[in-house]
Amino acid sequence: RPDAVVAWRGSTPVSVRQFLGEVAHVAIQLPPGRHVLNLCSDRYRFTVALAACIVSGRISLLPSTHTPEMVRQMQRIAPDVFCVVDQGADRGSVDLPTFRYPESVPPPGADHAIPAIDREQVIALVFTSGSTGVPMPHAKRWGSLVRNVQAEAQRLGIGADHAILGTVPPQHMYGLESTVLMPLQSGAALHAGRPFYPADICADLASLPRPRVLVTTPYHLRALLADQATLPAVDQLVSATAPPSPALAN
């Protein structure tokens with residue numbers, strides 16, 4: 001529905017109407033290149049830029065790192081690559097043509113239709129680390145990604161009432177699937193932030209309506225539990241990248 005909540009920016013809801021309007025606004029401003037390195041630090045803006053790339057037929061590059069050598073390897077594979085950054089993005093040593101996410105967007109006008117994406121469309125290239133040679137790209141098609149995240153949402157019981165907060169970056173597959181694509185495919189609302197410090201995680205959790213989902217890692221969980229005596233309620237918790245110890249899981 002146009003007035004459904006697709007994201008939370010702090011405690012401010014973002015409607016589907018606003019999201020689709022912003023996607024259309026960004027899509028028509030993107031440079032000509034077909035390959036994109038999305039460095040937006042704000043998860044909502046990352047999602048808008050990702051969607052703008054999808055609807056305009058562009059491919060997002062998802063390397064394991066942003067080292068100068070990795071960027072050079074990506075340029076060899078995709079010479080037309082450019083990066084998208086927002087105000088908080090850390091470009092580091094990424095030497096690429098740059099598109100800056102617009103700081104202001106017009107208010108949504110007429111409602112935009114939900115785009116229908118071809119299931120065979122390649123929307124992303126995921127790269128191996130390159131530790132054993134040249135990084136190898138692996139194509140991710142829309143249809144298979146949708147099946148994956150719909151299965152995840154069904155397995156976890158995630159629906160339109162849930163709000164999802166992630167401590168993991170959206171630029172890697174775990175964060176992309178669980179904190180961006182799963183909300184879009186289940187009707188849940190994603191949180192724009194990427195809190196790292198325990199106090200910030202607690203503040204962002206407390207700002208969200210329940211039921212709340214925390215998508216995180218054992219490393220972040222250990223730091224959170226060691227630092228905070230009292231935690232906001234979390235209705236579901238998803239942890240990946242490494243196995244937690246039995247004590248941490250308990």
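The following questions and answers concern the salt bridges of this predicted model.

User: How many salt bridges does a search of the whole structure find?
Analyst: A pair counts when a side-chain nitrogen of Lys or Arg lies within 4 Å of a carboxyl oxygen of Asp or Glu. Searching the whole structure on this basis, the number of salt bridges found is seven.

User: Is D3, which forms a salt bridge with R1, buried or exposed?
Analyst: The closest N and O atoms of D3 and R1 are 3.5 Å apart. Its partner R1 has a relative accessible area of 69% and is exposed. For D3 the relative accessible area is 53%, and the cut-off for exposed is over 50%. D3 is therefore exposed.

User: Which helix holds both E69 and R72?
Analyst: The side chains of E69 and R72 form a salt bridge, at 3.0 Å from N to O. E69 is partly exposed at 36% relative accessibility, and R72 is partly exposed at 41%. The two residues are three apart, about one turn of the helix, and the helix that holds them is α3 (residues 68-77).

User: Which residue is linked with E69 and R72 in a network of salt bridges?
Analyst: E69 and R72 meet in a salt bridge. Both belong to a network of salt bridges, in which they are linked with R76.

User: How many residues apart are D235 and R210?
Analyst: The side chains of D235 and R210 meet in a salt bridge, 2.6 Å from N to O. This pair links distant parts of the chain, with D235 in the loop between α7 and β12 and R210 in the loop between α6 and β11. Their separation along the chain is 25 residues.

Conventions: Residues numbered from 1 in each chain as written. Predicted model: local features only at pLDDT ≥ 70, side-chain atom pairs only at ≥ 80, totals over all residues. Heavy atoms only, no water. Buried < 20%, exposed > 50% of the residue type's maximum accessible area, 1.4 Å probe, protein only. Helix = DSSP H or I, 4+ residues; strand = E, 2+ residues; numbered from the N terminus.
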